[in-house]
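Subject: Structure for you to look at

Hello,

Here is the structure I said I would pass on. Please open it beside this email and follow along as you read.

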Amino acid sequence: MFRLFYSVVLILFFNPIFVSFSMTFPLDSLIKKKKLDKVVNIRFDFSNIEYTIGSFNGNRNETDEIPLVLLNDIVILSKGKRNQEGFKTLSYKIGLDSKQNIGAGIAMNTNFEQSLSKNISEFHLTVNDSNLFVPIGNCLYTQHLRTISTLKSNFLSQKNLEKKEFEFNSEFYNVIHLAENPAKDKFIFSSNMPNSFGGYDLYFVEKKEGIFSKPIHLGPHINSEKDELFPSFINNTRIVFSSNGRNNKSDFDFYTYSLLEKTNEAEPIHAINTTYNEIALVADPSFSFGAFASDKPLNDPSYRDYNIFNFRKEIIDAKSKYEYFKDSVDMTLEKTNSCVQLDLSNSIDKNGLSYEYLWEMGDGGTAQGEKIEYCYTQPGKYIVKLICIAQSPVKIKEECNSVQIDILPSLMLEINSKDTLTVDEIFEGIIKHNWHEKDFVIKNIFWKTDESQFYSGNILFGKFNSSGWHKLEAILETEIKGKRKIKYLSKKIFIRK
Amino acid sequence: MQLTPYLLILTIFLQSLTRVLSQALPNESENIDFISTFSNQADHSFGDEDYHQNFFIVIPKNQNKPFFIRIFDPDTGGNHDEVKDNYSKTRFSIYGGKGCFSAPEAKEVYSKMNINTGQMITSKTFDHSNKYDNQWFVFGPFNPKEGELIEEMEGYIFRITIEGLEGRNGNRYRLFISENHNNNLAIEGLNTFTYKYTFKLISKEQSVAMLYPFVNKDVVSIKVHTFDFDNDGTILLYSLKKNRHKVKHSKNNEWVESTHLIEEEEKNTTLNIQIIKKDNKDNDMAIYITNQFNKPVPFYAIPIGGSTKFRYKININYFSK
C-alpha cells in the first residue's frame, strides 16, 4: 500500500504574512546561508551497488521527505512529520540539497498544525526568471487516494505571485502532481478523472500564447490500471514518473518516457528501482544527478517511511572503485605513498663478486644497500641512479641502472588534532594534501564509519557510539590536472569510553 | 638498464661514434696495448705458445672503395717489442678468396702450424731493422671483392695471418683497417674478429683489458682458455646474466680453462671478459674460448649489439609512513 503522505496547507497561501515570506525565496541568500561545509552531512549508503544514496540529514523518525524540484544543483524538498495518530503533518520544512551533497538550508519552517483540518499537503515548486522559488501547485493527498473525492492543484502566476487555480482543477475528481517543462510550455499532471484507465493516470497539456490545450491522456505506453504519479520533466521532452501498475509490479517504480518517441513503452529505470516504493524523482537534464523518495529501509531502522535519496552517475563509479579498494591490501592506507622501497636482492648475481650499492635518490639524498627504503618530502618525479661500487680487484663506481620514481602528492585523512576521542564526542574529519592547488580539486568527499553512518562534505562532523577501535573511510571524488580520479583513504581510530 | 630517451639517443650516438673510431686492432675499447706474435724460437713463457695469429676483417658487401691495412711497428726490434736477439722475423700475410675464412683450418685454435687456406694477396716479412720501428707500414690498396663472400656475415672476409719466424723476439704491433693509405680513416660498418688472441696488456696496475666474445644461439656453455697470465690479476666474465664471474686464470707458461654455462638470455649476445692487471710489469698472454663442441668462439673488436652489461632489475614498492 502506498504509505506516503505529505501536504501543504492550502490556506497558508491565502495568509498574506506567510505569502510575503514564503512565496519568494531569493536563491542567492539561501545559498549564502547554507554554509555548505559545516551545516549538514548527507547520508550515503555504500552497500547499494546500483547507485549511491544520499539524503537530507533530516531523514529520520517517522517523517516523509519528498524532493520537489531540482534547480541547478539544488534539490528543493518537502519534509513531513506525522504524529502517532495517523497521517497528520505536524511541521513542514523546505530544504536545500546541493549537487555537491553537502549542506542544506532551511528555506521555510513553520508549524502547520492549525491547518490540518484536512489531511496533508505538498508543495510543487518551480523557479521564475528572477531565481525566486515559486510554488506552482499543491495538492491534498493521502495514503487512500481513491477515497478522496475533491483534491485540487493550484497554479500561481510566476510574475505577480497571484494564486491562480489550475485550469483543469475539478470538484469531481483529483488533479495532482502538476509538472511543467523547463520551457514552461508543456505540463503533465496526474488525475483520476473519469476517462482514466484506473486509479491515477498522467495527462498532458500544452500552453500556447497563454492558452492551455485540452488534457491528453498519455495512453497505455505510460498509464496503467493502477496509479501513475509524480511526473517530472527531465528536459523539455523526457519525463519521469512513478507507477505501481506496470511490468506486473505492485510497488511504485520509476519509468521514463520521451514525448518525442511516443511509440515506445515507458522504460523502467532499473538503476534506481527497488522492490520498495520509489516516488517523486527529479533529475538534471543529463540524468546524472537527481533525487527521489523511497521507503526502502536504511541501515538504521529508525529511518523509516519515505526518505530522500539522491543518485549520481559519478557515484556509481565511486562505488565500483570502493568495491575495488575493499579487496585491496591498501585498505588501511592513510595517505598516498611518499616512500619507496627499492629492492635489488632478487636480481643480484650471487655467483659473481659482490658490489656495494649506492642509490642516488634524485633529490640530493642517498641510500646504501641491496634493499633500501627512502621517503621523499616533496611530490614529484625523481630519477634514481643505482651506483655499483667495488674496491677490488679494480675500483669500480659506475651507474648500473636507473629508475624513475613518481611521488604523488600526499593525501591524508586527519581527525581533529586530538590523539584520542571518547564515545559520542563529535569529531572533525578532514582531508589534507600537498598538491598544488591548480592541479588538484576535491569535488566531493563521501565518508563512512564502521557504525554504518554515511556522510558527505568537505569536513566530517561525526561521532562513534561505542568504544574501541573504529574505522573511518573516505572516498574522494577529485579532479587531478583536469581528470577525474577517485581516491580512497581510511583511518583507524580508538574511541575511549 | 632503463634509459631515458635522451640517454638512449646519447648511447646510440656514442655507439656510432665508436663504430667510426673502431677500426683499430687492438680496438680502443679493448684497452689492450699491443698484439703480440713471438718468433718461433721464443720461450713459451713469454706469452705466445704457437707463434702465429689470425685476424679476420669483415668488409660490408656494399663497400666498394679500396682499403688499406696499416701496421704500426711491424718490425721485431726497437720500440715496443720484446727484444731477445737481432735476427727475429715476422711475416704479415693478407689472404682473400675462397677458404680464407670458410676453411675449417682457418678457425683452428689448437694448431701450431701456420694456416695457408684461401688466396694469399700479399705478404711481407719484417726483421729487426728500424725502418718501420714505431712507424706505419701499409698494405694495399685491396679491392673488397677480393675477399671471401660470406652471406651470413653480409660481407667479404679477409684474413691477416701473422707468423713469428726465426728468432726469439716478441713482435708487438697494432693494425688499422683504413680507407686511406696515409691516415687511419675508418670504414663504416667494418668489423674484425679473431678466434685466438695473443696480446700485451697495458703495463699498469688495475688496467682493464676487455674482450668481446660473441655467443650464438647454439652455445650452451663456454670454456675460457688463458695462457701465461702470470697470475697477474683477475679475469672476470660479464654478460646480461653474469656479473663479475671469476674466470680461472693461468700462471706462468700454462694453459688454464674454466667453464661457464650460457643461459637462454645470453644467447646471441656479446659477453665481456675483463682482464684486470695487478701490477705494472709487462705481460703478454693468450686467450681463446671454445663452446660445448670445442669449436672456437670469436672475439669481435667491436662488440656486436654493444657492450654487455649485467641487467639489474629494481623492484619498486611504494608505501607510506
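Below is what was found in it, beginning with how far the model can be trusted.

This is a predicted model. The predictor gives the complex an ipTM of 0.80 and a pTM of 0.53. For chain B the mean pLDDT is 90, and 93% of the residues in that chain reach 70 or more. The exception to keep in mind is residues 1-21 of chain B, where pLDDT stays under 50. The model has 15 contacts beyond four places in sequence for that stretch. Where pLDDT is low, the predicted coordinates should not be read in detail.

Next, chain B as a whole. Chain B has 24 strands and 1 helix. Of its 321 residues, 50% are buried. If you take the contacts in chain B between residues at least 6 apart in sequence, 81% of them join residues at least 24 apart.

One sheet in chain B is a good place to practise reading strands. It is an open sheet of 4 strands, in the order β13-β20-β16-β17, and the pairing is antiparallel. Strands β13 (208-211) and β17 of chain B are at the edges with a single partner strand each, so one side of each has no neighbour in the sheet. From one strand to the next, the twist averages 30°. Within this sheet, β16(B) and β17(B) run antiparallel and are joined by 3 bridges. To find the pair on screen, look for Ile235(B), which stands opposite Val247(B) in β17(B). As background, strands of a sheet pair through backbone hydrogen bonds, either parallel or antiparallel.

Now the place where the two chains touch. Here 24 residues of chain B are in contact with 27 residues of chain A. On the chain B side, the elements that give two or more residues are β16 (233-238), β17 (245-247) and β24 (315-319). The largest share comes from β24(B), with 5 residues. Sorted by class, the chain B side has 9 nonpolar, 9 polar and 6 charged residues.

What does β24(B) pair with across the chains? Its partner is strand β23 (residues 339-343) of chain A, in the antiparallel sense and over 5 bridges. In this pairing Val340(A) stands opposite Tyr318(B).

Chain A also has strand pairs of its own. Strand β17 (residues 238-243) of chain A runs antiparallel to strand β18 (residues 253-258) of chain A, with 6 bridges between them. Ile239(A) has Tyr257(A) in β18(A) as its bridge partner. On to the next pair: β18(A) is joined by 2 bridges to strand β19 (residues 267-268) of chain A, again antiparallel. There, Thr256(A) has Glu267(A) in β19(A) as its bridge partner.

Last, the nonpolar cores. In soluble globular proteins, nonpolar side chains tend to be buried together. In this model the largest nonpolar core has 82 residues, and those with the most contacts inside it are Ile57(B), Phe158(B), Ile160(B) and Leu175(B). Which residues is Ile160(B) in contact with, leaving aside its neighbours within four places in sequence? They are Asn54(B), Phe55(B), Ile57(B), Ile69(B), Phe92(B), Ile94(B) and Leu175(B). Apart from the largest core lies another, of 38 residues, and among them are Leu178(A), Phe230(A), Phe254(A) and Ala266(A).

Regards

Terms used:
Residues are numbered from 1 along each chain as its sequence is written. Chains are lettered from A and ligands numbered from 1 in the order in which they are written. This is a predicted model: local features need pLDDT of at least 70, side-chain atom pairs count only at pLDDT 80 or more; totals for chains, interfaces and linings use all residues. Two residues are in contact if their C-beta atoms, placed from the backbone, lie within 7 Å. Ala, Val, Leu, Ile, Met, Phe, Trp, Tyr, Cys and Pro count as nonpolar, Asp, Glu, Lys and Arg as charged, and the others, Gly among them, as polar. Two strands pair if DSSP finds at least two bridges between them. A residue is buried if 20 or more other C-beta atoms lie within 10 Å of its own, exposed if 12 or fewer, and partly exposed in between; C-beta atoms are placed from the backbone. Axes are lines fitted to C-alpha atoms, for helices over the stretch in contact, and angles run from 0 to 180 degrees between N-to-C directions. pLDDT is the predictor's confidence in each residue, from 0 to 100. A nonpolar core is a set of buried Ala, Val, Leu, Ile, Met, Phe, Trp, Tyr and Cys residues joined through C-beta atoms within 7 Å.
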